Amino acid sequence: MESYREQLIDGELVRGHGPEFESINPYTEKPWAVFTEADEGDVDRAVTAAERAFESWRKTSGVERARLMNALADVIERDIDRLAQIETNDNGKLIKENRNQILFAARNFRFYAGYIDKIAGEVKTMDAYTSFDFTVREPIGVCALITAWNSPLQLLSNKLPPALAAGNTAVIKPSEFTSASTLELASLAIEVGFPPGVINVITGFGSTGALLTSHPGVGKISFTGGIETAKRIAAAAAANIVPCSLELGGKSANIIFEDAPYEKAIAGAIGGVFAAAGQSCVAGSRLLVQASIYERVVEDIAQWASRIKLGDPTDAETQMGPIAFRGHYERVLAHIADALEDGSRLVAGGHPAALGGLFIEPTVFADVDNSSRLAQNEVFGPILAIIPFDDEAEAIAIANDSRFGLAGGVWSKDVTRALSVAKEIRSGIIWVNTYRTSAAQAPSGGFKQSGYGRERGTEALLDYTVVKSTLVDLTDTVRDPFVLGR
Ligand code: NDP
């Protein structure tokens, strides 16, 4: 059993003062690592250290901050195989997928390191050049960064690099199911010489996260996770009047028109929902297909889904690993039962896989009613709902008939059609003739109950700053002190 009992607080690896807990490897279903829960004192020490460190980090030159962030990217890349294995131990995702995601995390550190000396304010000239205003973007303070279990380092890299680049310090709370890689990142931060208190990592359960988000020393909260937790976090943010970004779930519509690049669209639909065993916030879990090609698509998708190779997530040939933990496995099976009860047509899978353990067959339902539970609820598992439509207007109406608005896809060789449909979809990310690709430059985030705030791109960086406006009077005029100067 690996020991991850030590958390990073104020530059030192120290044991949490709460009870120990274990992480279960979802493939073997055996515990593989042990952690300690942070108690209230640990959380307070971490936030206090981050507050102290903020006073010097915000004044540290951009060149030095960028050097440290690039150095961290270097050691992440150096240790990529070890880090990918650790994440696979924790969440059961394919090692090749974790590897790619962690390399993407390193890329995010480099992207924001390169941005530090480009964070600019504006000069606003005022009346007749007798006065002017300039704005600067200042860091906010201590950022509480809370991540979900499906992509621990990748999700963290959407938050920590822009926070640090803008001059903030951080206290990170990873999911109880996947804390190991974040603790490894903490050790790497020490190795490359981040000053004590700039990056802190505490581990534990939701209750630990709640202690963190309600701490009065926290200046901003950034959260990735589910809606119910998000409501608690938004309430904690409201209580202390601090800004909060929420990256939540989705029920994204992947729309295939009759003029789609066919093979590419089918592969995109399969990857959209079965990659990472569907445990992806942007999963294209509703596949909308134009009526003229509907039966052909249903048949091809069902056949492909039945051929997906399940197995050991460390095997290069495996295409789908297990569900991340037993509680979630039970939830995914319950969604299948709901879909059957609601009358959807099962065309592939639908059962626990013959392999046993936490494996579920890649499952496809056709003729799904968009008002049914399967079409309206996020499954976060390998279950696809196929829905027919006749024309653009109907596709848009179905896609938007959801409380979520995270992502979506449009497949058509007609660029005018594709872009006009993309424009009408109420979601934060739309892919055209591709799906589930991302870039450090491209912002991501939700409409509606998929959350607010943006990650990646310039937009995320600005989310970690606060604007200060400085008005300067260049004249010798003595103003009437009893009226507003304007
Ligand atoms: P949860 O909301 O259960 O948990 C997310 C994080 O919040 C975990 O670290 C959790 O800790 C912590 N937490 C739980 N309760 C509290 C609390 N009261 N205060 C502060 N922190 C708390 O989500 P899951 O981990 O189950 O993640 C799945 C969800 O995340 C899905 O809905 C998915 O769509 C969404 N997601 C969104 C993404 C996006 O970018 N939009 C990306 C990936 C996932 P602990 O685990 O220890 O309980």
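Leaving aside its neighbours within four places in sequence, which residues is Q290 in contact with? In this predicted model, the residues in question are I256, F257, E258, F389, D390, D391 and R417. Q290 itself is found in strand β14, which covers residues 286–290. With a relative accessibility of 5%, under the 20% limit, Q290 counts as buried. One of its contacts can be described in more detail: the side chain of Q290 reaches the backbone nitrogen of E258 at a distance of 2.8 Å.

Two of the residues in contact with Q290, F257 and F389, bring us to the aromatic side chains. A search of the whole structure finds 14 aromatic pairs. Among them is the pair of F111 and Y115, which is edge-to-face, with 5.6 Å from centre to centre and 75° between the planes. F111 has a relative accessible area of 14% and is therefore buried; Y115, at 18% relative accessibility, counts as buried too. The rings of F257 and F389 are also paired: their centres lie 5.3 Å apart and their planes meet at 75°, so this pair is edge-to-face. F257 belongs to the loop between β13 (253–256) and α10 (262–274), while F389 belongs to strand β17 (residues 383–389), so their pairing ties together parts that are 132 residues apart in sequence. Both F257 and F389 are buried. Elsewhere, ring pairs join Y4, F21, W32, F35 and F205 into a cluster.

Aromatic rings also have charged partners here. The charged end of K220 sits over the ring of Y464, at 4.8 Å from the ring centre. For Y262, the residue lying over the face of the ring is R296, and the distance to the ring centre is 3.6 Å.

The next topic is pairing between charges. Side chains of opposite charge can pair when their charged atoms come close. How many salt bridges does a search of the whole structure find? The search gives 28 salt bridges. In one of them, E77 is joined to R110, and the closest N and O atoms are 2.8 Å apart. Since E77 lies in helix α2 (residues 62–78) and R110 in helix α4 (residues 95–113), this pair ties together parts that are 33 residues apart in sequence. E77 is partly exposed, with a relative accessible area of 32%, and R110 counts as partly exposed at 26% relative accessibility.

Helix α4 also holds E97, whose side chain meets that of R436 in a salt bridge of 2.6 Å, N to O. R436 lies in the loop between β19 (431–432) and β20 (451–452), so this salt bridge ties together parts that are 339 residues apart in sequence. Is E97 buried or exposed? At 18% relative accessibility, E97 counts as buried, whereas R436 is partly exposed, with a relative accessible area of 23%.

A further salt bridge joins D79 and R78, with 2.8 Å between the closest N and O atoms. D79 counts as buried at 11% relative accessibility, whereas R78 is partly exposed, with a relative accessible area of 48%. These two residues are part of a wider arrangement: R78, D79, R82, E184 and E191 are linked in a network of salt bridges.

Definitions and conventions. Residues are numbered from 1 along each chain as its sequence is written. This is a predicted model: local features need pLDDT of at least 70, side-chain atom pairs count only at pLDDT 80 or more; totals for chains, interfaces and linings use all residues. Side-chain values use heavy atoms; hydrogens and water are left out. Rings of Phe, Tyr and Trp (its six-membered ring) pair if their centres lie within 6.5 Å; planes under 30 degrees apart count as stacked, over 60 as edge-to-face and the rest as tilted. Buried means under 20% relative accessible area, exposed over 50%, partly exposed in between (1.4 Å probe, protein chains only). Helices (H or I, at least four residues) and strands (E, at least two) are DSSP runs, numbered from the N terminus. A charge sits over a ring if NZ of Lys or CZ of Arg is within 6 Å of the ring centre and within 35 degrees of the ring normal. A salt bridge is a side-chain nitrogen of Lys or Arg within 4 Å of a carboxyl oxygen of Asp or Glu. A polar contact is a pair of N or O atoms within 3.5 Å; within protein, one must be able to donate a hydrogen and the other to accept it, and residues adjacent in sequence count only if both atoms are side-chain atoms. Contact means heavy atoms within 4.5 Å.
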